[in-house]
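Trainee: Before we go through this model, I would like to ask how each label is justified, and I would be grateful if every answer could set a value against its cut-off.

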Amino acid sequence: MKPSHLFTALCLTVTAALFASPLQAEEIKTVRDFGAKGDGTTDDTQAIQKAVDSGHGSLVFTKGTYKLTKPITINLDTTGFTSLTGDGTPRIIMSGAGPAFHFVGTHEGSAAPSDFKPNVWEKQRMPIVRGIEIVGDHKEANGLEFTGVMELTVTETNIRECFHAIHFTKRNRNLIVANCHLYHNRGVGVLYDNVNIHQSNIVGCHISYNAGGGVVTRGGNVRNLHIGTCDIESNMSPDTPPTANVLIDCTGGSTGEVAVTGCTLQHNSKSPGSANIRVLGTGTLSEKKADPTKEGHIAITGNVFSDVKVNIHLDNARGVNITGNSFWEGFEHDLLIENSQAIVVGPNDFDRNPRYSVNGNWAKDINGLVFRNCSDCKVAGVLVSGVWNKDAAVLLENCDRMTVSDCSILDSDGIGLWLKNCTRTKISDNVIRDDREEKKMTLSLKVEGGKDNKFDDNVLANGSEGL
């Protein structure tokens, strides 16, 4: 045998050994083996539920269109370990109300080893959904719902035309949603619905054109939420209540320990109240339901924001760090920060780049930074350029113990930096000027009311008032 042929034979032998599995070919079953037709017409609900209830565990969907008329319930403590897998070719049509697939577990503790009951490890851990498409064909159809589940992974999955794409309810732990396409659903892309969830990662996904929001938390108890390297866009509609590409609504609950990193968040400016990130931080401590909190402990870093009414909106938040991001086209504000405390706005680029003139909207976007009724916040090292048609490029109103330092506020209309009724605030080492041929900056700095403020080493090329 020639050396090249011998090498090829050895490679084939090694490959066969590596991919050999105790689950032999005759033991591998698809949902068709349980009676599913996958022809797009036959109701496959009963057959697929039979496959789930068989306890076979590995539910393989081959190429085809599988019609469901009611949810498939996967009771993990009964079925044992269960996965739904395909290679991207199977399509599930949900023609009834509710989720196409509802995974139900019994995990009730935290993620600490001491909180696990034996049956979770023995029957329930790590359900997987991979490589399938779910399409809604009912106004109340959802994609996937998870309750009481531990160590879930949803990956390489496409969910569209449903109400909610992925819906978390009651309590779950240690979740990964990765490399998915959640597109054009009438509700939310990923909804944390008054749920108790710690440790969840959403990475590498396209989450787009979901009318009720992209990633949304409402109430509940949510910790360790990581959103990274996703494209999240136009998750709002002119016909729905104001929402955001990422909406953290703490009303009636508590959300914290959130990181949004390395994403593009954008579109659309036509929806009233649209935002790229909105944090409604008024929550309640579980042990003191009557006491309101300012929720936060959030890092927003290394993202690109554009083309909404407000790029980032914080209301009653505490402990939010906004650093290293690029902003353009806030049609009302780039930042709107209200009733908040301990907000750090580090080096960011708030620029008007002529490269981006969207749909004839050039100059209709207003941009600018507003802090209102805030305390103990720091703005340092930011570039603010080209805030047009606004009273002030940067406005601090009714604020206390603020610091604005080493910032450049350039070529903007109205007042560069305006302090209204602020106290114990320091403004230092800033460059505030308008060098356009047609200057529209009326003042570099205006101070109106307030007391105990300090101003040092600022370049105020267009004059000041009230110092």
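Trainee: Where is Asn 458 found?

Mentor: In this predicted model, Asn 458 sits in the loop that runs between strand E42 (454-456) and strand E43 (459-460).

Trainee: What makes the pairing of the Asn 458 side chain with the side chain of Asn 430 a polar contact?

Mentor: The two side chains come to 3.0 Å, and the cut-off for such a pair of N or O atoms is within 3.5 Å, so the pair qualifies. Not counting residues up to four places away in sequence, Asn 458 touches Asn 430 as well as Ile 427, Ser 428 and Asp 429.

Trainee: Why is Gly 449, in the loop between strand E41 (441-448) and E42, called partly exposed?

Mentor: Its relative accessibility is 43%, and because the label covers values between the 20% limit for buried and the 50% limit for exposed, Gly 449 counts as partly exposed. As for its position, Gly 449 is 18 residues from Val 431 in sequence, and their C-alpha atoms are 23 Å apart in space.

Trainee: How do you know that His 102, in strand E7 (residues 98-104), is buried?

Mentor: His 102 has 18% relative accessibility, and since buried means under 20%, the label applies. Leaving out residues up to four places away in sequence, His 102 touches Ile 72, Thr 73, Ile 74, Glu 145, Phe 146 and Thr 147.

Trainee: Which residues touch the most other members of the largest nonpolar core?

Mentor: They are Phe 101 and Phe 168, in a core of 98 residues. The largest share of this core, five residues, is supplied by strand E15 (residues 188-203). Setting aside neighbours within four places in sequence, Phe 101 is in contact with residues including Ile 48, Phe 61, Leu 68, Ile 132 and Leu 144. A second, separate core has eight residues, among them Ala 392, Leu 395, Trp 418 and Leu 443.

Trainee: How many disulfides does the structure hold, and why is Cys 230 not bonded to Cys 205?

Mentor: The structure holds zero disulfides. The sulfur of Cys 230 lies 4.8 Å from that of Cys 205, its closest cysteine sulfur, and because a disulfide requires the sulfur atoms to be within 2.5 Å, the pair is too far for a bond. Cys 162 fails by the criterion of distance too, since the closest cysteine sulfur, in Cys 180, is 13 Å away.

Trainee: What makes Cys 162 and Cys 230 buried?

Mentor: Cys 162 has a relative accessible area of 0% and Cys 230 has 3%, and both labels follow because buried means under 20%.

Trainee: What share of the protein is buried, and how many helices and strands are there?

Mentor: Buried residues make up 53% of the 467 residues, and the protein has four helices and 44 strands. Among contacts with a separation of 6 or more, 68% join residues 24 or more positions apart.

Trainee: Where does pLDDT stay under 50?

Mentor: That is the case over residues 6-26, for which the model has three contacts beyond four places in sequence. Where pLDDT is low, the predicted coordinates should not be read in detail. The protein averages a pLDDT of 92, and 91% of the residues score at least 70.

Key:
Residues numbered from 1 in each chain as written. Predicted model: local features only at pLDDT ≥ 70, side-chain atom pairs only at ≥ 80, totals over all residues. Heavy atoms only, no water. Core = buried A, V, L, I, M, F, W, Y, C linked by side-chain atoms within 4.5 Å. Buried < 20%, exposed > 50% of the residue type's maximum accessible area, 1.4 Å probe, protein only. Helix = DSSP H or I, 4+ residues; strand = E, 2+ residues; numbered from the N terminus. Contact = heavy atoms within 4.5 Å. Polar contact = N/O pair within 3.5 Å; in protein donor to acceptor, adjacent residues only side chain to side chain. pLDDT = per-residue confidence, 0-100.
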